[in-house]
Structures are given as C-alpha cells and as structure tokens.
Amino acid sequence: MTYYLTNILVYAGVDIIACLALNLQFGVSGIVNFSFIVFQAAGAYTAAVLSLPPDSANGGFQNYVLGAQLPFPLPWIAGAVVGGLLSIPVGLVVLRRLRPDYQAIAMLVLSVIVNLVITNARPFLNGAAGLSLIPQPLSDQFNPYSAGYLWGYVGAAAVCALLVFLVAQRIVKSPYGRTLRAMREHELAVTALGKNPVVLKMTIFIVGGVMAGLSGAVLVQFITIWAPSTWLYPETLILFAAVIVGGRGNNIGALLGAVLVPVGFEEATRYLPQFGPPGLVPAFEWVAIGMLIIGFLWFRPKGVVPERPGRIPAASAPGGGRLAEDSGAR
Amino acid sequence: MPASTAGVADGGATSAPSTGTAAPPMMSVRDVHRHFEGMHAVDGVSVDVLPGHITGLIGPNGAGKSTLLAVLAGTLPASEGTIIFDGADITRWPAYRRARHGLVRTFQLPSEFAQLTVLENLLVAAPQHRGESLRGALLGRRYWAADERREVARARELLARFSMTAKESDDAGSLSGGQKRLIEIMRALMLRPRLLLLDEPMSGVHPSIISEIASYLETLRDEGLTILIVEHELHMVERLCNPVVVMAQGRVIGQGSMSELRRQREIVEAYLVG
C-alpha cells in the first residue's frame, strides 16, 4: 500500500510540474507545444546517464553515453538545465517565423522524429530497449525500498512541485505574465505595442523546457527505467488534456488538471473490467482521453477552474497597497 | 522610378495643405512598394506626414491603404522604398522597434485582448515597465510595484479622459465595437506615440459613437499629436483631416484638402462618387 500510494504521489508531483510548465507555454502564452514530452525525456535521459556508472561497468548489456555517476541532486539540476538548453534551438527554429498552427505541426513532427532517432541510435541511449538500473538518489546511503525512503522521495518531488508552482505564480501574476496573455490573445497587436514576440515566446519556452526537464529527472530516478516507448507523442496529449480540463492559463487549474487527468483518470481506467481482445481496454483509455478533451472544449472550454482576468483594486492606484493584487490568473 | 507621388513629396498634381508652417515632416515615405507574388498592393507611394496634423488616407476598397499603413508600421516589410520617421530611416526596423520609437498603429479589425480587462489592456502597452521581463517577474512584486503604480495611474487617467472608467474591470471582449475602438486608441496613447496610425477607427462603430471618437481625435491633434488615419467615413475625413491623400490601385492619385480634391475630376470619378 505504501508503495502504491507513494508511487501515485510521486507521479502526481511529476505531472503537476509538467502541467504547470505546459500551462505557462500553452495556457498562458498560446504556444501549442506538441513536443513537450521530448523536453521531459531530455531531462530524464540526462539524469539517467549522469547518475548511471559507465556502461562498461555493468557488463555492457546496455550502451549509453557519459555514465558520470554524479551524486544527487546534480542529475536533477542537469536534467532541468538540458531541458532549457534544448528549448533554445527548437524555439529559434519553430517559434521565430512560423505561424501558430504551423508551429504546432512542427512540434508534433519534432516529437515523432526525436523518438525515432533515439529508438534507432542504439549506442547513444541504448535505443528501443532504453535505460534500466538507473540509480535512485542517495541509494548508497539509504534503502530505496524502505517506506521512509519512498516517503522521502515524495517529499523531494513535492518540494520541486512547490518551487515550480511558486515560479509559475510569480510569472503569471506579473506584468510579464500579463503581456504573455496578451500575446496569446493577439500577437500582432502586442508587437504593435512595442513588445518583441520572439523574446517573449523564447523566454517562456525555455522556462517551460527547464521545468519539463526537471519533471523527467524526478520521474526517471524513481522508476529507474526510461525508454522511447515511455515518451511517445500521445503522452503530450494527456498533459494537454490536463491543462484544458483544469483550466488553461490558471496555475491552480493546471495543478488540478494534473491530479484529475494523468493521475486520477488513468488510475480510474486501470480498474476497468477487461473485455474483448488484448489491448482493447488500453485503447479505450486513449479514446476516453480524446473524448475528455473534446467534451471540455465543447461544453466547458475554460476548464474546471477558469482563468480570471486581473482586477486591480481602486485603492491601490496612488497610495500604495498591494498593487496588481489580483493581476493574472489564480 | 516612382509610379506615383503626391503633394509635398514631388510638388505634383495637388497642392500641399496651406498650413503656413515650414516644419519638417514627421514621416517621409519615398517610392514605397509592397508586392505579393506579382500583385502590387502598394505601387511606388511617396507621401509626407506633417506634424500636428491629422492626415487622411482614403480610396476605394483594394486601393492599398491598409497595406500601406501596415508597411509604415512595420507589420509588413516594404518590398522597395524608404521610410524616414523623425529623422531616422526605419525602413528595415521591425514593428516593435518602430512602436518603441513612437510610431504606433491600430488595426482595421478589433484587436483587443479579449480575456484581459480594459485596464489590463492599457497596462500591456506601458513602456519600460520593470516587471515586463522574465527577470523582473522572477524578482517579484517589490521590484516592479513602483512602475505598476505609475502605469495604473496613467491608465486610469486615460480611462477617465475617454469616459471609460466604469468599464475598467470588464473583460475587453465583452465591450461594444465602439468601446473596443476606444481601447485601441487608449492603448496606443499609453506608449506616448509621436505618430498614431489609425486603420478605420470608425469601422463597425455605432453612429452615435463615431462623433465621440472624432472629438477625441481632434483633441489629440490640438494637443500636438500627429495622426495618419485610413477611413471610409468621408464626412469624418472632411471634418478631421487636412491633408487628405487619395489612393487607388496601390498608387497615390491626389492629395490636398477635401474641398480641393472634390475639384479634381479623376479623383471624383475614381472614388468620391460611386
């Protein structure tokens, strides 16, 4: 029971980080990042190869680069950094000149291509078989199978989720977040008001990439395996469903969506009675995710917790007080 | 070779407005072209925009007025030609840089930020706000609170001036067409522009609001703001604009006051009647 509960909670923490990141990119800024899972995967692979020993150390049953065996928390930090660094070339290529609909297509194609490349370039990250036996943080000092360790991991994931939430709140509630929301509404008008949309998009894309990388790093050192089959492009759609269901543009909504969809919805469908040929029920899970997105876009497009426009109290104008108290979504 | 020039630019077919001032133009447009895969939307336009005036830009649908406005604002790059604004060659400048330099445009279709409040719409335009960068956002409210206080006060002054105070907390998307136009104008004014480019600000606006918008524009002109306006409401053009530039098929076919233009047969035939 402890294992099951801690497993769910760590997944919740990872999904909350991922949904907050996607909310900043898609919900707040309007960047339809269909390759989001690639940035999470980049963080996961980075944390894996930086915590694993050299590939020659385990009899050569898996091949990968680096194998630096770095101590915790360096693999997590590096995972976040690589997620951000990867965002720079991707953003420069995709976000500078393409229209938003073409950006979405390019992101989707990128997600498929990167997965295929990693699957087939075996010496790089062990190809389709993926990486296994990824060391858990501080596992040389603590028993990673003990309840205390598992709860400790939950705590570490929660701290990361909290930090990401606080950063996301600062962004959304600031004038910078207000400009991002304006860019989402009418990019050309924002440009005509002296704002550089490329800078706006690149900065929030990199911030989202850092958070995505961190979420991958936190996840991979808990589950200790990582392979291309775990980060196929439909995984991004689950996160989109979460943001849409929770309420795009609203950090609380993204948090709620992460709990409701990737965690709650997937856990609930796990207990469906098995029927029909093998694979039918998992396929129905995907159908249900699709129906969930369409249903919310049709009947409740603003999600469970809609974004609320910032209302600035009159009292705050000249005499001080908490300015922009309600600026941005909550 | 310019396909057409007008008024002050080449001393051509029509006379410049009798302003009695020798002030240099706020903007000089020289032989500007804009091609779309062989289609010449703007075909060698040369005009001057005089400071402190409302210059009208009129012409039939498809004349290239809005395209010219977009080229001047940098929303579309010019295919050829030169644009000098306030002494600087801005031809290759991106739109955001032109706006920061004081050249601000509005759009033909409403461009409000629908899910932001009216006040937020204005605050987005605030220039040089410390909270507008990622760094500023991460440093927190204390870092940018003073700027926010200043800009909120400015925005509320504008709202009061345009009689929109009661609407400041409404979602901009919920407003009427005329109110959305006012938001666009106020938003542009938040940038403290030196030249305001207005693309059909009376379009889709209730007739009772049109006169109100015209009064605001007259006040802004009297305060020294230079305005270039594309407009189809000819009685408003007559009331507000001098000079008026007439375009047809991507070219300038005349320039002067409305009464002068009415005396030119080719312009009357091309546009002013039927």
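# Strands, helices and loops, and how they earn their labels

Analyst: This is a predicted model. In chain B, 4 strands form an open sheet in the order 2-1-4-5, with antiparallel pairing.

User: What makes strand 2 and strand 5 of chain B edge strands?

Analyst: Strand 2 (39-49) and strand 5 (88-89) of chain B each pair on one side only.

User: How do you know that strand 1 and strand 2 of chain B pair?

Analyst: Count the bridges. The cut-off is at least two. Strand 1 (residues 27-36) and strand 2 of chain B are joined by 8 bridges, so they pair. They run antiparallel. One position to look at is Met27(B), which stands opposite Val49(B) in strand 2.

User: How many bridges join strand 1 to strand 4 of chain B, and how many join strand 4 to strand 5?

Analyst: Strand 1 and strand 4 have 5 bridges. Strand 4 and strand 5 have 2. At least two are needed, so both count as pairs. For the first pair, Arg30(B) stands opposite Thr82(B) in strand 4. For the second, Ile84(B) faces Asp89(B) in strand 5. Strands 4 and 5 of chain B also form a hairpin, with 2 residues between them. In that turn, Asp86(B) has a positive phi of about 55 degrees.

User: Which strands of chain B does helix 1 lie across?

Analyst: Helix 1 (residues 65-73) lies across strand 1, strand 2 and strand 4 (80-85) of chain B. It runs at about 65 degrees to strand 2.

User: What span is expected for helix 5 of chain B, and what does it reach?

Analyst: Helix 5 (residues 141-161) has 21 residues. The expected span is 1.5 Å times one less than the number of residues, which gives 30 Å here. Helix 5 of chain B reaches 28 Å from its first C-alpha to its last, close to that value.

User: Where is the kink in helix 5 of chain B centred?

Analyst: On Asp147(B), with a kink of about 30 degrees. After helix 5 of chain B comes Ser163(B), with a positive phi near 55 degrees.

User: Which residues of helix 5 of chain B are buried, and what do they pack against?

Analyst: Trp144(B), Glu148(B), Glu151(B), Val152(B), Ala155(B) and Leu159(B) are buried. The buried residues of this helix pack against helix 3 (118-124), helix 4 (134-139) and helix 6 (177-190) of chain B, and against helix 7 (175-185) of chain A.

User: How many residues of chain A are in contact with chain B?

Analyst: 33 residues of chain A are in contact with 41 of chain B. On the chain A side, helix 6 (147-172), helix 7, helix 8 (187-192) and helix 9 (197-223) each give two or more residues. Helix 7 of chain A gives the largest share, 8 residues. That side divides into 17 nonpolar, 9 polar and 7 charged residues.

User: Why does the span of helix 9 of chain A agree with its residue count?

Analyst: Its 27 residues should span 39 Å at 1.5 Å a residue, and its end C-alpha atoms are 39 Å apart, so the two agree.

User: What makes helix 9 of chain A mostly covered?

Analyst: 23 of its 27 residues are buried. Each of those has 20 or more other C-beta atoms within 10 Å. Thr224(A) follows helix 9 of chain A, with a positive phi near 65 degrees.

User: Why is Leu133(A) called exposed?

Analyst: Leu133(A) has 12 other C-beta atoms within 10 Å. Exposed means 12 or fewer, so Leu133(A) counts as exposed. Leu133(A) sits in the loop between helix 5 and helix 6 of chain A. Its phi is positive, about 55 degrees, although it is not a glycine.

User: Why is Ala129(A) called partly exposed?

Analyst: Ala129(A) has 16 C-beta neighbours inside 10 Å. Buried needs 20 or more and exposed 12 or fewer, so Ala129(A) falls in between. Ala129(A) is also in the loop between helix 5 (122-125) and helix 6 of chain A. Beyond four places in sequence, Ala129(A) touches Gln62(A) and Ala227(A). Its C-alpha is 8.8 Å from that of Ser229(A), 100 residues away along the chain.

User: What counts Gln249(B) as partly exposed?

Analyst: It has 16 other C-beta atoms within 10 Å. That lies between the two cut-offs, 12 and 20, so Gln249(B) is partly exposed. Its loop lies between strand 9 and strand 10 (251-256) of chain B.

User: Where is the cis peptide bond that involves Pro73(A)?

Analyst: It joins Phe72(A) and Pro73(A), with omega about 10 degrees. Pro73(A) is in the loop between helix 2 (36-51) and helix 3 (74-94) of chain A. In chain B, the bond from Asn242(B) to Pro243(B) is cis, with omega near 10 degrees.

Key:
Residues are numbered from 1 along each chain as its sequence is written. Chains are lettered from A and ligands numbered from 1 in the order in which they are written. This is a predicted model: local features need pLDDT of at least 70, side-chain atom pairs count only at pLDDT 80 or more; totals for chains, interfaces and linings use all residues. Two residues are in contact if their C-beta atoms, placed from the backbone, lie within 7 Å. Axes are lines fitted to C-alpha atoms, for helices over the stretch in contact, and angles run from 0 to 180 degrees between N-to-C directions. The bend at a residue is the angle between axes fitted to the seven residues ending there and the seven starting there. Ala, Val, Leu, Ile, Met, Phe, Trp, Tyr, Cys and Pro count as nonpolar, Asp, Glu, Lys and Arg as charged, and the others, Gly among them, as polar.
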